[in-house]
Amino acid sequence: MLRFLLLVLASFAVTEVAAYVLHRWVFHGVLWRIHRTHHDPEHGHGHGVFEANDLFSLGFAALSLGLMWVGREAPLASAAFAWGTGIAVYGLLYFVLHDLYAHRRFMPFKTKNPAAQAVKRAHGRHHQSFSQEGQEPYGLFLFPPSMGRRMKRRRDAV
C-alpha cells in the first residue's frame with residue numbers, strides 16, 4: 001500500500017512538471033490555435049460551456065484511464081494503476097482549482113483557503129497577457145511564493 005501511495009504522489013509530481021513543459025512549449029507553441037481559446041475571450045473562454053482547450057483535458061483523462069485499465073487486475077500492486085490514479089488526482093484538483101475556482105466555470109465557488117487563493121493569484125499572473133508568449137507561471141502548483149501574493153493585475157490590450 002505504501003508503494004502504491006508513493007507512486008501516486010510521484011505521478012502527481014511528474015504530471016505537474018509535464019503540464020508545465022507542455023503548457024509552456026507546446027500549448028503556447030505549436031498548439032496555440034487550440035489553447036488560445038482559454039486565453040482570449042473572443043475565441044471561447046467565457047463564451048459557452050466548452051472551449052477547444054478542453055480537448056487537452058480529455059487527452060489527459062484518456063491517458064489516466066488507459067493506465068488504470070492496464071492495471072485493473074491488481075490495482076494496488078500495479079504501477080500503471082498508481083500512475084493513472086496520480087494523473088486522475090492531479091486532474092481533479094486542476095478542475096476544482098483551475099476551472100471552478102480560478103476561472104469560475106461550470107459551478108464556481110469562493111474560498112478563504114490561503115493555498116487555493118495563492119494558486120488563483122499565481123494563475124491570474126499567467127493570464128495577464130492574451131499573447132502566445134504568455135508569462136509565468138505555466139504550471140498550476142509550482143510557482144515562486146511571490147507569485148501567490150496579492151498583486152496589482154494588468155492585462156495586455158487585445
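Me: Is Arg104 buried, partly exposed or exposed?
Reply: This is a predicted model, and in it Arg104 is found in the loop between α4 and α5. Buried means under 20% relative accessible area and exposed means over 50%, with partly exposed in between. Arg104 has a relative accessibility of 41%, so it counts as partly exposed.

Me: What is the phi of Arg104?
Reply: Most residues other than glycine have a negative phi. Arg104, which comes just after α4, is a residue other than glycine with a positive value. Its phi is near 55°.

Me: Which residue in the loop between α4 and α5 has a positive phi of about 65°?
Reply: The residue is not a glycine, although its phi is positive. At 39% relative accessibility, it counts as partly exposed. The residue is Phe106.

Me: How far apart are the end C-alpha atoms of α4?
Reply: The helix α4 has 24 residues, and at 1.5 Å a residue these should span 34 Å. The expected span uses one less than the number of residues. The distance in the model agrees with this, as the end C-alpha atoms are 32 Å apart.

Me: Where does α4 bend?
Reply: The bend at a residue is the angle between an axis fitted to the seven residues ending there and another fitted to the seven starting there. For α4 this angle is about 25°. The residue at the bend is Phe95.

Me: Which backbone nitrogen does a side-chain oxygen of Ser78 reach at the start of α4?
Reply: A polar contact is a pair of N or O atoms within 3.5 Å. The side-chain oxygen of Ser78 comes to within 3.2 Å of its partner. The backbone nitrogen belongs to Ala80.

Me: What is the volume of the largest pocket, and which element gives the most to its lining?
Reply: The volume of the largest pocket is about 800 Å³. Of its 37 lining residues, Phe56, Ser57, Phe60, Gly91 and Tyr94 are the closest to the centre. Two or more residues come from each of α1, α2, α3 and α4. With ten residues, the element that gives the most is α4.

Me: How many residues in the lining of the largest pocket are nonpolar?
Reply: The lining residues of the largest pocket are divided into nonpolar, polar and charged. Twelve are polar and three are charged. The nonpolar residues number 22.

Me: What is the volume of the largest cavity?
Reply: Rolling a probe the size of a water molecule over the atoms shows where empty space is left. A search of the whole structure finds one cavity of 30 Å³ or more. The volume of the largest cavity is about 40 Å³.

Me: Which element gives the most to the lining of the largest cavity?
Reply: The lining of this cavity includes His38, Glu51, Ser57, Tyr94 and Arg105. By class, the lining has one nonpolar, four polar and four charged residues. At least two lining residues come from each of α3 and α4. The element that gives the most, with three residues, is α4.

Me: Where does α1 bend?
Reply: At 1.5 Å a residue, the 29 residues of α1 should span 42 Å, and the 40 Å between its end C-alpha atoms agrees. The helix nevertheless has a bend of about 40°. Buried residues of α1 include Phe4, Leu7 and Phe27. The bend is at His23.

Me: Which backbone oxygen does the side chain of Ser11 reach?
Reply: Ser11 lies in helix α1. Its relative accessible area is 0%, so Ser11 is buried. At 2.7 Å, its side chain reaches the backbone oxygen of Trp83.

Me: Which side chain makes a polar contact of 3.1 Å with the side chain of His35?
Reply: His35 is in helix α2 and is buried, with a relative accessible area of 3%. One polar contact of its side chain, at 3.3 Å, is with the side chain of His28. The contact of 3.1 Å is with the side chain of His39.

Me: Is the peptide bond from Glu136 to Pro137 cis or trans?
Reply: Most peptide bonds are trans. Pro137 is in the segment after α5. The bond from Glu136 to Pro137 has omega near -5° and is cis.

Key
Residues numbered from 1 in each chain as written. Predicted model: local features only at pLDDT ≥ 70, side-chain atom pairs only at ≥ 80, totals over all residues. Heavy atoms only, no water. 1 Å grid on protein atoms, 1.4 Å probe; cavity = no way out; pocket = protein on both sides within 12 Å on 5 of 7 lines; lining within 4 Å. Points joined across faces, edges and corners; volume = space filled by probe spheres on them. Helix = DSSP H or I, 4+ residues; strand = E, 2+ residues; numbered from the N terminus. Nonpolar A, V, L, I, M, F, W, Y, C, P; charged D, E, K, R; others polar. Polar contact = N/O pair within 3.5 Å; in protein donor to acceptor, adjacent residues only side chain to side chain. Buried < 20%, exposed > 50% of the residue type's maximum accessible area, 1.4 Å probe, protein only.
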